[in-house]
Amino acid sequence: MSAQQIKWNADFQEYIDTYKDLAIEEMVEYHIPASITLAQGLLESGAGKSYLSRQGNNHFGIKSHGWEGRTIRHDDDAKQESFRAYNSVKESYEDHSRFLANRERYQRLFQLSLTDYKGWAHGLKACGYATSPSYANRLIAIIETYQLYEYDKTPLVRKPDVNLASTSYKAPDLTQLHIIKNYNNNRYLYARQGDSFESIAREVGISAENLAKFNERNLHSQLKEGDVVYLAKKQKKADKRYKHHKHVVQPGESMYLISQKYGIRLSSLYKLNNLTPAYQIRVGDKLKVC
């Protein structure tokens, strides 16, 4: 566990989903871990909601020293300091990479491995990127909460999202916060003993009513340890890898459990198979999921 633990935030996840590919592009060209770039962007821009990012596309808080382009004024260490302004977020990401790569004080960071995000985080603080004593630990906490280190692997070797359809539940370490995972263009977590939609809702910042609706459950239905809880509305079809696959019904499975396993809506599962809710599921039945 990192030096401090942070709660999963939907705004942060949306930012990651939007800019992860841009961070990976910068990593390939400049050898800066994508996890570090994303974590700095999240922290410095408040997930893209800060004044500098909204008005000047400045996602990394870089001031205008030695800058000949457009500038924007904002209160920081002093009143109305001058910051760099960009025509696009992409320009901000590119300038951030050049800012680190072209300055002598950051050169020792480029001797570190791309997977050493902790070394990069502490190195940025030691080299003077930020004045906050907790800067490195905050970057590490963001990276570990959102598993940004996965983006530091090249696309050819990066592990795919967890395949719920072919893996069984394994009880997670009982840390305070749930681990958020990705599957079928959605995010999910595993329920623990004592969890409810209300308790999970408080943690992830989504209303309990919506959380229950996303999972096609009653708000007050009891969650069991190991239940998959999706954090957004499920898809109409399973991942495209199952286009020519049929699910063989196993003992103890229901149409609902199968829909959860593949991250698809229950109504879509019936529709894909030309069935109605009156259908009586049987072991050995073969069902389309995509």
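Buried, in this tour, means under 20% relative accessible area, exposed means over 50%, and partly exposed lies in between (1.4 Å probe, protein chains only). The model is a predicted one, in which local features need pLDDT of at least 70 and side-chain atom pairs count only at pLDDT 80 or more, while totals for chains, interfaces and linings use all residues. Residues are numbered from 1 along each chain as its sequence is written, and side-chain values use heavy atoms, with hydrogens and water left out.

**Two loop residues with positive phi**

Select N184 to begin, in the loop between β3 (181–183) and β4 (186–190); helices (H or I, at least four residues) and strands (E, at least two) are DSSP runs numbered from the N terminus. N184 counts as buried because its relative accessibility is 7%. Its phi is near 50 degrees, a positive value in a residue other than glycine. Most residues other than glycine have a negative phi. Go next to A47, which sits in the loop between α2 and α3 and has a positive phi of about 60 degrees although it is not a glycine. At 10% relative accessibility, A47 also counts as buried.

**The nonpolar core**

Now select Y93, Y129 and L148, the residues with the most contacts inside the largest nonpolar core, which has 61 residues. A nonpolar core is a set of buried Ala, Val, Leu, Ile, Met, Phe, Trp, Tyr and Cys residues joined through side-chain atoms within 4.5 Å. Helices that each supply at least two residues of this core include α1 (10–30), α2 (34–45), α4 (89–101) and α5 (117–126), and α1 gives the most, with 9 residues.

**Salt bridges**

Turn to the charged side chains, where a salt bridge is a side-chain nitrogen of Lys or Arg within 4 Å of a carboxyl oxygen of Asp or Glu; by this rule the count comes to 14. Show E81 and K63, whose side chains meet in a salt bridge at 2.9 Å, N to O. E81 lies in strand β2 (residues 81–84) and K63 in the loop between α3 and β1, so the pair ties together parts that are 18 residues apart in sequence. Both ends of the bridge are buried, E81 at 16% relative accessibility and K63 with a relative accessible area of 19%.

Select R282 and D285 for another salt bridge, at 3.7 Å, N to O; here R282 is exposed at 55% relative accessibility, whereas D285 is buried at 14%. The side chains of R241 and D239 meet at 3.0 Å, N to O, and R241 counts as partly exposed, at 41% relative accessibility. Finally, display E25, K90 and E94 together, since these residues are linked in a network of salt bridges.

**Out to the surface**

Move to E68, in the loop between α3 (51–56) and β1 (71–74), which is exposed with a relative accessible area of 82%. Add R84 to the selection: E68 and R84 are 16 residues apart in sequence and 8.9 Å apart in space, C-alpha to C-alpha.

End with K213, K233, K236 and K271, which form a positive surface patch. Patches are made of residues with over 30% relative accessible area and no salt bridge, with like charges joined within 9 Å and nonpolar side chains (Val, Leu, Ile, Met, Phe, Trp, Tyr) within 5 Å. Within this patch, K213 is placed in helix α8 (residues 208–214) and counts as exposed, at 63% relative accessibility.

Notes: Areas by Shrake-Rupley, 256 points an atom, 1.4 Å probe, with all protein chains shown as cover. Lys, Arg positive; Asp, Glu negative; His and termini not counted. Charge placed at Lys NZ, Arg CZ, Asp CG, Glu CD.
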